[in-house]
Amino acid sequence: MNWSPPPGFNLPEFIRPIPMSVDHGHSEGLLHTCLDKTGKFTDSPTVSFGGWISDAYKWSKFTQDWYKLREDFPGISSIHMKVLMRPVSERSYQGHTFTVSKPRADLINRYIEIVSRWTLEVVGYAVDCDAFRKVLSEKSRRRIGGDAHIFVFRRIMKHIVDRLNFLDWPYATGLLFDDNEEYGRECHSLYNKARNHHPDWKKKFGSICFVDDELYPPMQAADVLAWLIRRGLDNKQAVQHKAWLDQLIFHKHLTDHLYDEGSLRELEQKLQEYPERS
């Protein structure tokens, strides 16, 4: 059956697929990096960023497959892990009631297959905010951003640059975040500070945009990743959660992405061994 968008569905102009030549399995031009965060900027004990790099063609195919999957779970319009993984949601979620033959885990497993199939690279970091303040000296904190949220945001941008270099990608990428007033203001501020701190990054990041994840489904894929990454840091990662994360990043590059107390102590030692250049 040919896919057709649901009533009222319309991709924003800046993210509509455009005709592009294909080389080595992906399209030339601007890549879209969809990012999401778990944890508040002000008082969360942990914060994580997770995201996916892919091109317009692959994001379009992802969206098509997601809407096909939704046909098997009528009543579900979007995936938000914080709500979907509540105990009550094991029975029903949004307008859908799960069954023995099609349980909640089946939806997530099949969704993860779609995400893995249509993304080029994965990026993600999480940091224990309490350990960040406890373990790192004031001087060390100033060197890496002063705040755990600035630190992890810079790490995620560095990770994006590394993955673009791995892909030998000559073009910039556009950053897409969930459209939330407080969240958007903070992300835009961190984005500008990071680019000013690393002027060469201005050639790697072509734009920053904020979109409604209900209208642009790739943002929901970032929500799933950020939620699973955070579970690995706050000791709430069940066996199934780890299996889902491993499946998501299979054949992709996501290592040493958790900054817990132990890894932050290692970072503090490295910062002490390599003084800041005057």
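**Sheet, helices and a few single residues**

Strand S7 (residues 121–128) and S10 run parallel and are joined by two bridges. One residue pair can be picked out here: Val-127 has Tyr-259, in S10, as its bridge partner. This is a predicted model, and everything below should be read with that in mind.

Stepping back from that pair of strands, the sheet they belong to is open and has six strands, with the order S9-S8-S3-S4-S7-S10 and mixed pairing. Strand S9 (205–211) sits at one edge and strand S10 (258–259) at the other, each of them pairing on one side only.

Next come the helices that lie over this sheet. Helix H8 (residues 218–231) lies across S3, S4, S7, strand S8 (173–178), S9 and S10. Its direction is at about 140° to S4. Helix H1 (residues 56–70) lies across strand S3 (31–38) and strand S4 (46–54), and runs at about 105° to S4. Strands S3 and S4 thus turn up under H1 and under H8 as well.

H1 and H8 also meet each other. Their axes come within 9 Å and cross at roughly 80°. With an angle between 65 and 115 degrees counting as roughly perpendicular, H1 is therefore roughly perpendicular to H8. On the H1 side, the residues involved are Trp-59, Phe-62, Thr-63 and Trp-66, and they meet Pro-218, Gln-220 and Ala-221 of H8. Sorted by class, the contact of H1 with H8 has five nonpolar and two polar residues, and no charged ones.

H8 has another helix partner in helix H9 (residues 239–248): the two axes come within 10 Å, with a crossing of roughly 130°. That angle makes H8 oblique to H9. As for handedness, H8 passes H9 in a left-handed crossing. From H8, the contact draws on Val-224, Leu-225, Trp-227, Leu-228, Ile-229 and Arg-231, while H9 supplies His-241, Trp-244, Leu-245 and Leu-248. The class tally for H8 with H9 comes to eight nonpolar residues, one polar and one charged.

A few single residues deserve a look too, starting with an arginine. Arg-154 is part of helix H6 (residues 148–166). Its relative accessibility is 16%, and since buried means under 20%, Arg-154 counts as buried. What surrounds Arg-154, once neighbours within four places in sequence are set aside? The contacts are Arg-143, Ile-144, Gly-145, Ala-194, His-197 and Trp-201. So the list of residues touching Arg-154 includes another arginine, Arg-143, along with the aromatic residue Trp-201.

Two loop residues catch the eye for their backbone. Gln-94, in the loop between strand S5 (92–93) and strand S6 (96–97), has a phi near 50°, which is positive even though the residue is not glycine. The relative accessibility of Gln-94 is 40%, so Gln-94 counts as partly exposed. Asp-168 is the other case: phi is near 55°, again a positive value in a residue other than glycine. The loop holding Asp-168 runs between H6 and S8. At 65% relative accessibility, Asp-168 counts as exposed, because the cut-off for exposed is over 50%.

Methods. Residues numbered from 1 in each chain as written. Predicted model: local features only at pLDDT ≥ 70, side-chain atom pairs only at ≥ 80, totals over all residues. Heavy atoms only, no water. Helix = DSSP H or I, 4+ residues; strand = E, 2+ residues; numbered from the N terminus. Buried < 20%, exposed > 50% of the residue type's maximum accessible area, 1.4 Å probe, protein only. Contact = heavy atoms within 4.5 Å. Pairing = 2+ DSSP bridges. Axes fitted to C-alpha atoms, helices over the stretch in contact; angles between N-to-C directions. Parallel < 35°, antiparallel > 145°, perpendicular 65-115°, else oblique. Left-handed = near helix turned anticlockwise from the far one by under 90°. Nonpolar A, V, L, I, M, F, W, Y, C, P; charged D, E, K, R; others polar.
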